[in-house]
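Reader: Can you walk me through this one? I'd like the packing, the empty space and any odd backbone spots.

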Amino acid sequence: MTSLDYGLYSYAELPLEIVLHIYKYLGYTDLLAAGGTCHRWRSALYQTEFIARTRVRFTKCVLSDQHSPAVDLLRCQRQFRHFVFEDVTLGQVYKLMAFIGQSAHSLDLDNVDLNDKQFYGILRMLPQLQSLSVTRCLPLFMSATFLDTNTCDLTQIAAHLANIRELTISQNRYLTDAILVRLTALMPNLELINMSGCQISFHNAIHRRFYPNEPSSPSESVLTFKYILSVLVQQRKKLRVLDFSDTIIGHSLMALCDLSQADANGQPGMQLERLYLSGCRQLNVATIKGFLQTQSQLSVLDLSGTVCLNDECLETIAATNAQLRCLKINACAGVTNTGAVHLKHLLRLQQLDISNCDGINSPGIIEGVAHAENHVLLELNVSYLTICEEAIKAIARNLRALRSLHLNNCVNGVTDDVMQLIISQLSWLRELSLESCCRLTDAALTGINVSKLELNRVSSMGDVYPPPDSFTGSLQSIKISLRSKAEEEIVRDAKRKQAMIAAYEMNLINEEDFEGHNIQALRGLRSLNLRGCNKISDVSLKYGLKHIELNKLLLSHCQQISLLGMEALVNNCPSIEILDLSDCYNINDQDIRTITERLQRLRSLDISGCSQLTDHSIDAIIVNCQCLQTLSIYRCRSMYTDIEDRLSGVRTLRNLYMDNINSIDNAEFFRLKKRLDC
């Protein structure tokens, strides 16, 4: 086929199978952009697999059948499966819930202001519901007659709740034994129960206080573990996921060991696939070991912030939970290199988080997870570990399949040479976090030979400075420096910066100067965190960051960034949705105008501490930002005029962070504003 033949066809004529295959690699915003190209590509979005990936989220608004955004959804021809209501006040929503009920498989209610009667009305319209999440809905559980068959007819509701497989009732202060029993009795086929953050009473003394005479009906005043245990006994055949994070569960976990055994009728016991116990500080070593030995099918285990976790526990995990694909043990101070070495035995591990484990350092990494080639591990977080360059080099050489790598605050280990090795070896990276790695320079991201630039600068500017005389030259040849090592480092940094900036301004950077590896080689990079890397300048933005897929960029405290770099950035990275420029002192109104005009997908912008910004920046945000949801403008002292009132014109804005409104909750502020608009 010749080039002329190719010109006869267009992308709109691609077979639907190929378009669907392309869509598998795109995120939500990319799918929206692709769907806007032509009718054929838009119709591909109606396919089942993409509808299943999409969540419709209502955030910080008043919902009413008569007003946007409910009216906008009612006009939509597509039917979605997943709906999220966050910080929402419900008005008259009969039409909206009837529309949602036609296809809804999951409903997430987070801090929604509704009562039990509204809840019943919603459930009656959701016949296909399979997942229900009720988080921080305090008024809902304050009713003593919640789901009481003596006060209302629950026949239709019971039929709909019978299909539910996943139940989340986390962070609900007024949840009680009676409500839990009545709710779960209507859901006989639960596979997931999430009670994280609930105020559960585990102590027997509290149980005896509220139940002095056994047996008795469930209490309307307290939530005890004994009744939770009775629910788990009823659901153990199909239960696969359990979440008790941020509760005071301790030795009571051992009571679940008996549930893993087959009952008297030969029915199989509880075999969990995912277990979440993060922030459970009452756990002890014997409890963790005893329970995990009964759960050999675990694929996800989260023990973050568990104080008692130690090397002995890690050895048990590696020996008995070989099926693990995700392990999170961050902030577990009791884990040392001795336990970290056992991680190499988890051959199926795909996600590992050992950040903030003070007892793990370089030997634990080199002899543990990075001891040999591993093509299974995809995500690794070793932030805040005291590790050296050799440990990170071992990660780069042996874990080449990594998609996500977090090296935050690894100050001693992350250098320019290490960064060059990461770029050359980890070509599949999608997320890279290097926060507070202050030794990184532009050479790390661009591969530019700084010493050659200094020579080029001297040769190109040689006629500007008069040549030293012979007497001065002889003195310079025998000069002895009395600076300390710290002072010498400061001087070297100043010279490096001077050379890079001068070369940039005079266009002295040529292709032959790129002797190392450029971060452009990470072609699929979508998230980059450079907060606190204060040696990064406009040179990296112009010659390094050229990523079409990059949607999250954090540049806080990068004070050397200015308009020159921003102009190059918005042209080379047009897909940025989250941008952090806080405390970048050189950012001015022209920068904000350039950013808001060119970054059409911008959803979150942090410009706190940018002291040069004025009201003109607010004007640019109001005019140009069509989908901005979060804006942070703390310490922007040159912005004066009625900022809240002016930003209320940005219809998509849901989170505003600024000085002098600390006493006003953002959710309540925007909820009140929407009420007034209605």
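Author: What follows covers helix pairs, pockets, an aromatic pair and some backbone details. The model is predicted: local features need pLDDT of at least 70, side-chain atom pairs count only at pLDDT 80 or more, and totals for chains, interfaces and linings use all residues. Residues are numbered from 1 along each chain as its sequence is written, and side-chain values use heavy atoms, with hydrogens and water left out.

Reader: Helices then. At what angle do α17 and α18 cross?

Author: Roughly 10°, and the axes of α17 (residues 389-398) and α18 (residues 416-425) come within 9 Å. Helices here are DSSP runs of H or I, at least four residues, and strands are runs of E, at least two, numbered from the N terminus. Axes are lines fitted to C-alpha atoms, for helices over the stretch in contact, with angles from 0 to 180 degrees between N-to-C directions.

Reader: Parallel or antiparallel?

Author: The helices α17 and α18 are therefore roughly parallel. Angles under 35 degrees count as roughly parallel, over 145 as roughly antiparallel, 65 to 115 as roughly perpendicular and the rest as oblique.

Reader: Which residues meet there?

Author: From α17, E389, I392, K393, A396 and R397; from α18, V418, L421, I422 and Q425. Contact means heavy atoms within 4.5 Å. The contact of α17 with α18 has five nonpolar, one polar and three charged residues. Ala, Val, Leu, Ile, Met, Phe, Trp, Tyr, Cys and Pro count as nonpolar, Asp, Glu, Lys and Arg as charged, and the others, Gly among them, as polar.

Reader: And how do α10 and α12 pack?

Author: Helix α10 (residues 177-185) and helix α12 (residues 225-235) pack at about 10°, axes 10 Å apart. That makes α10 roughly parallel to α12. D177, L180, V181 and T184 of α10 meet Y227, I228, V231 and Q235 of α12. By class, that contact has five nonpolar, two polar and one charged residues.

Reader: Switching to empty space. How many cavities of 30 Å³ or more?

Author: Two cavities. A cavity is a set of points, on a 1 Å grid over the protein atoms alone, where a 1.4 Å probe fits but cannot get out; a pocket is an open set with protein on both sides within 12 Å along at least five of seven lines, and lining residues have an atom within 4 Å of a point. Grid points are joined across faces, edges and corners, and a volume is the space filled by probe spheres set on the points. The largest cavity holds about 40 Å³. Its lining is Y28, L31, L32, L45, T54 and R78.

Reader: What about the second largest pocket?

Author: That pocket has about 300 Å³ of space. Its lining has 16 residues, and S131, S133, E166, T168 and L192 are the closest to its centre. Strands supplying at least two lining residues each include β3 (106-110), β4 (131-135) and β5 (166-168). The lining has five nonpolar, six polar and five charged residues.

Reader: How many aromatic pairs?

Author: Eight. Rings of Phe, Tyr and Trp (its six-membered ring) pair if their centres lie within 6.5 Å; planes under 30 degrees apart count as stacked, over 60 as edge-to-face and the rest as tilted. Y23 and W41 have ring centres 5.9 Å apart and planes at 70°, so that pair is edge-to-face.

Reader: Any backbone oddities?

Author: A cis peptide bond joins S68 and P69, with omega about 10°. P69 sits in the loop between β1 (55-63) and α6 (70-74). D87, not a glycine, has a positive phi of about 55°. D87 lies in strand β2 (residues 82-90).
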